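Good morning, and thank you for coming. I should like to take you through one structure today, beginning with its sheet and then turning to selected side-chain contacts.

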Amino acid sequence: MVVQAVAQQLPASQPLPSQSALLAEPQLVDTARVFSLQDLAEIVFAHHPIVKQAALLSAKAQAEVLEARGGFDPQLGAGFNRKVFGGTNYYNKWANELTVPLWPGGIDLTAGYDRYVGTYVNPETKTPVAGLAGVGLSVPLGQGLLIDARRSTLRQARILVTAAEADRVKKINEVWLQVAKDYWSWYYAYQQAALIQEGLDLAETRFLAISRKVDLGDEAPIDSVEARIIAQDRLVEAERLQLELQNARLVLSNHLWNQNAQPVELPDRAVPQPARRDGVSAQEFSRLTDQAAKQHPTLIRLGAEIRQLGIEERYRRELLKPRINVSGTLLSQGDFYRTELSPTYDFGRNNYKLGVDFAFPLFLRQQRGQLQQVRFQVQETVLEQQQSQRTILNQLTAAYNTLRAYERQLTVQALTIANQRTLLQAELEKYDLGESTIFLINSRETKLIDLRIKQESMRANYEKSLAELYYYAGTRLTGLE
């Protein structure tokens with residue numbers, strides 16, 4: 001057993017151990033075993049499913065822009081109908097049209113070829129045997145001149161790309177905030193387990209030394225009982241903290257994925273990086289405040305929504321105008337390419353079709369109701385933006401105040417630990433002189449362990465608050481930056 005092996009190495013006159021890891025500053029760990037926050041960030045941003053899912057937001061917004069651009073796609077249409085009965089050619093109808101929407105003025109450019117021949121074709125639509133070709137324009141003079149559904153949809157879709165990008169950044173920031181908190185929870189669980197293990201090793205060594213002295217008659221048997229109780233108590237606590245460390249490692253493993261989208265586990269030998277020692281300066285806080293006011297994803301998204309609603313409001317105002325569409329088409333015989341034909345039937349001012357459409361709802365209740373709804377949405381979004389600005393600023397300030405408080409507490413805690421180390425060292429020296437008891441030593445030592453665990457709790461909470469500070473600023477902090 002370990003206890004027996006240690007006992008065999010102690011000479012009969014060995015005094016109580018007076019030096020331990022508890023009396024010294026924490027030693028540097030093997031850097032090859034350190035799994036840093038930067039290492040974690042590289043894995044998360046490359047392979048985390050939620051991060052990949054967030055990237056789809058921008059892709060979907062680009063797809064909506066592509067869909068909106070489809071409203072300006074040229075459209076080719078054709079139709080053919082023929083009827084022959086009893087040897088009579090009732091009709092032979094062949095219609096073709098190419099429509100090209102133009103951006104300015106909601107204009108449609110049209111080009112077509114029609115051939116309507118037969119005994120019973122309507123004279124209004126009947127064409128020469130060679131057919132008729134036409135090139136024309138359809139122009140809205142009232143509703144749709146300044147903006148129409150196609151232009152409104154495309155402009156809104158382009159703005160939604162900005163909103164989607166802001167949502168993507170916000171989603172990734174949310175993921176990283178949770179990842180950072182889970183990392184520093186693992187750090188705290190690791191430090192707790194390490195400190196209790198140090199205390200357990202020291203308690204076992206002290207128990208062996210006292211047991212040997214009891215065997216030699218230099219110590220009272222009750223002292224060995226006291227030493228055994230402390231060792232057993234720390235052993236139970238070490239087992240409990242090992243379980244917490246395993247669970248914290250599993251929680252952090254939730255964020256670990258490989259390039260094949262397979263979950264991976266955090267190795268048992270991995271250790272966290274040391275906590276930061278530098279605080280956040282007032283200049284950095286001022287920079288974060290400015291960044292939050294200008295580039296926070298929530299504010300960017302709300303700003304994009306306001307611009308989108310502004311376009312929708314403009315379009316709804318356009319619908320209050322009367323609908324007046326003017327269309328004109330220049331006509332020519334279908335075989336206009338033949339130069340020997342008379343120019344009388346070629347494209348010119350004497351061969352055309354002209355049309356005017358007019359419509360206007362007398363009460364405009366539907367249009368006015370839709371316009372009012374959009375204006376209410378604009379007001380709601382503006383108010384939400386104002387509240388969000390204030391909330392973000394206050395959250396940022398609260399996180400910074402928390403950091404400053406932790407910095408002051410850590411400074412005091414470091415002094416308290418140094419004083420407690422001095423008390424423990426003095427108690428050990430007094431014990432060697434026969435002026436103290438094992439109970440007092442254990443009390444000083446336990447207090448020192450508790451103070452160091454509390455210090456690590458402060459450091460972990462400081463790191464979590466630091467992650468929150470950058471999250472509220474609309475960005476993220478990775479690694480030792």
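Which residue in E5 does Thr-110 stand opposite? The residue facing Thr-110 is Gly-136. Before going further, I should state that this is a predicted model.

Let me place that pair in its setting. Strand E4, residues 108-117, and strand E5, residues 132-140, run antiparallel to one another and are paired over seven bridges. They belong to an open sheet of six strands, ordered E2-E3-E4-E5-E7-E8, with antiparallel pairing. At the edges are strand E2 (75-85) and strand E8 (352-359), each of which pairs on one side only. From one strand to the next, the twist averages 15°.

I turn now to the surface. A nonpolar patch is formed there by Leu-102, Leu-109, Val-135, Leu-137, Leu-330, Phe-347, Tyr-352 and Leu-354, which together have about 710 Å² of accessible area. At least two residues of this patch come from E5, and at least two from E8. Phe-347, by contrast, sits in the loop between strand E7 (323-333) and E8. Why does Phe-347 count as partly exposed? Its relative accessible area is 34%, and partly exposed covers the range between under 20%, which is buried, and over 50%, which is exposed.

Next, the charged side chains. The model contains 21 salt bridges, and I shall discuss a selection. In one of them, Arg-234 pairs with Glu-445, with the closest N and O atoms 2.4 Å apart. This contact links distant parts of the chain: Arg-234 belongs to helix H5 (residues 221-253) and Glu-445 to helix H9 (residues 438-472), 211 residues apart. Both Arg-234 and Glu-445 are buried.

Helix H5 also holds a local pair. Glu-244 and Arg-240 form a salt bridge whose closest N and O atoms are 2.5 Å apart. Because these two residues are four apart in helix H5, about one helical turn separates them. Glu-244 is partly exposed at 33% relative accessible area, and Arg-240 is partly exposed at 38%.

Helix H9 takes part in a further contact, in which the side chains of Glu-427 and Arg-444 meet in a salt bridge at 3.3 Å, N to O. Glu-427 lies in helix H8 (residues 365-432) and Arg-444 in helix H9, so this pair ties together parts 17 residues apart in sequence. Glu-427 counts as buried, at 4% relative accessibility, whereas Arg-444 is partly exposed, at 29%. Elsewhere, Asp-108, Asp-148, Arg-150 and Arg-151 are joined into one network by salt bridges that share partners.

Finally, the aromatic residues. There are 10 aromatic pairs. In one of them, the ring centres of Phe-85 and Tyr-90 are 6.4 Å apart and the planes stand at 70°, so the arrangement is edge-to-face. Phe-85 is exposed, at 58% relative accessibility, while Tyr-90 is partly exposed, at 21%. Trp-184 and Tyr-187 are likewise edge-to-face, because their planes stand at 70°, with ring centres 5.2 Å apart. They are three residues apart in helix H4 (residues 149-216), and so about one helical turn separates them.

Are Trp-184 and Tyr-187 buried or exposed? Trp-184 is buried, with a relative accessible area of 1%, and Tyr-187 is buried at 3%. Together with Tyr-183 and Trp-186, these two residues form one aromatic cluster.

Thank you; I welcome your questions.

Technical notes
Residues numbered from 1 in each chain as written. Predicted model: local features only at pLDDT ≥ 70, side-chain atom pairs only at ≥ 80, totals over all residues. Heavy atoms only, no water. Pairing = 2+ DSSP bridges. Axes fitted to C-alpha atoms, helices over the stretch in contact; angles between N-to-C directions. Patch = residues over 30% accessible without salt bridge, like charges linked within 9 Å, V, L, I, M, F, W, Y side chains within 5 Å. Areas by Shrake-Rupley, 256 points an atom, 1.4 Å probe, with all protein chains shown as cover. Salt bridge = Lys/Arg side-chain N within 4 Å of Asp/Glu carboxyl O. Buried < 20%, exposed > 50% of the residue type's maximum accessible area, 1.4 Å probe, protein only. Phe/Tyr/Trp six-rings, centres within 6.5 Å; stacked < 30°, edge-to-face > 60°.
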